[in-house]
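Here are my notes on this one, in no strict order of priority. Have the structure open while you read.

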Amino acid sequence: MERASTLLFDTADRLYGAQPGYGRMGLTVHRELEAALCELENAQQVRLTSNGLQACALAIASQVKAGDHILYSDSTYGPTSRFCDRRLARMGIESTRFDPRIGAGIEDLIRPNTTLIYLEAPGSLTFEISDTPAIVEVAKKHDIRTAMDNTWGAGLYHKPLDLGVDISVQALTKYVAGHSDAFAGAVMTRDKRIAQEVVDTSEDWGISLSADDAYTALRGLRSLATRLKAHEAAGLEVANWLTHRPEVAQVVHPALPTHPDHAIWKRDFTGSCGLFSFILEDAPPEAVDKFIAALSLFSMGFSWGGFESLIIPCDQQLTRMEDSWTQTRAGPLMRIHIGLEAVPDLIADLEAGFAAMADA
């Protein structure tokens, strides 16, 4: 594998005309990863970034300028929402949240200066599935670009570009790398003009991905289908088990028939993964703390997509329009990632947590 910052040339013409001319622009391993991601997402062009948030920010920023307005889903990943609300505002760009279940009703929010609609499928923490084709149809009618965070489907179980979305984004840190040991992101499209806008913005910002992380992501792609199948099966087994627990008010998993957007998920996705949420019955913070403290296989930490099972309480980071989502819940929201451990062991671990919570 090549690692180089400086590339050497024999003539000045080659020095100034070669692509790449500098290591930051990527080497052979980067080109191989880009080609593999094109195959995975049915894309024509890929731009790599050093992490998932950077990919989301690049996708958005490449499509806007001062004076523009964007719409983004109310269930978008928190740091991406922060980028829209804080950084874009400082760039003279307005942003407006919309209900992820708005569908074709998004037309009512479009302004003359709206240039981008940003989606995430499913929504971060709360797992709504938007009616992407309906939103895309409205966007195309008004000549507005669309972008989607496709990390949950990993490009394997969801193909946004096939649904008409202009830009698909992934945090390769999650399922593509798959071992919780690397950061990477990708911005993918079929449109040459959009691709050039992404490239230009990336070059202006000096965005790059290390050769080692590119290799790690490429390595992860080799086992993606096998790993994701295992995450999906284990996730569904645990999710179904949780639906019968008296401590759980609701399991929020798009692949379950009880999910309000299950029909849309079934239409637009070909599978699921190990990440979902569940809502506890009303419980005080100390009970939730005891539940988590009693777990030995589930660890508490951000990110997901690796071999290990994780769980986090979400209320501290959940911000929604008018708090409409939070007001209708029974109790605390928990996000869970089912790793590759044995399912009976994971269920026994959760049982121990619920027992500790009952003693709080």
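The points below cover the nonpolar cores, the aromatic pairs and one annotated lysine.

1. First, a caveat: this is a predicted model, so please read every contact and distance below as a property of that prediction.

2. Let's start with the packing. The largest nonpolar core has 57 residues, and the members touching the most others are L33, L37, L48, I117 and L172. Domain 1 (12–219) and domain 2 (224–359) each contribute residues to this core, so it lies between the two. There is also a second, separate core of 28 residues, with A239, A287, V288 and I347 among its members. As background, nonpolar side chains in soluble globular proteins tend to be buried together.

3. L172 is a handy place to click if you want to see the big core. Ignoring neighbours within four places in sequence, L172 contacts L33, L37 and L48, along with A177, A184, G185, A186 and A217.

4. On to the rings. How many aromatic pairs are there? The count comes to four. In one of them, Y175 and W304 have ring centres 5.5 Å apart and planes at 65 degrees; over 60 counts as edge-to-face, so that is the label here. Y175 belongs to the loop between β6 (167–171) and β7 (185–189), while W304 is in the loop between α10 (285–293) and β10 (310–313), so to speak a link across 129 residues of chain. Both Y175 and W304 are buried.

5. W241 and F354 make another pair, with centres 6.2 Å apart and planes at 35 degrees, so this one is tilted. Here the link runs between helices: W241 is in α8 (residues 224–242) and F354 in α12 (residues 343–358), 113 residues apart. W241 and F354 are both buried. Add F291 and you have a cluster, since ring pairs link W241, F291 and F354.

6. Finally, K174, which deserves a look of its own. UniProt, in an unreviewed entry, lists K174 under "modified residue: N6-(pyridoxal phosphate)lysine". Is K174 buried or exposed in the model? Its relative accessible area is 13%, and the cut-off for buried is under 20%, so K174 is buried.

7. What surrounds K174? This lysine is in the loop between β6 and β7, and it touches T151, S303, W304 and G305 once residues up to four places away in sequence are left out. The charged end of K174 sits over the ring of W304, 5.6 Å from the ring centre. W304 is also the ring paired with Y175, so I'd view the three residues together.

Definitions and conventions: Residues numbered from 1 in each chain as written. Predicted model: local features only at pLDDT ≥ 70, side-chain atom pairs only at ≥ 80, totals over all residues. Heavy atoms only, no water. Core = buried A, V, L, I, M, F, W, Y, C linked by side-chain atoms within 4.5 Å. Buried < 20%, exposed > 50% of the residue type's maximum accessible area, 1.4 Å probe, protein only. Domains from an automatic or database assignment. Contact = heavy atoms within 4.5 Å. Phe/Tyr/Trp six-rings, centres within 6.5 Å; stacked < 30°, edge-to-face > 60°. Helix = DSSP H or I, 4+ residues; strand = E, 2+ residues; numbered from the N terminus. Lys NZ or Arg CZ within 6 Å of the ring centre and 35° of its normal. UniProt positions renumbered as here; feature names shortened; annotations may be inferred.
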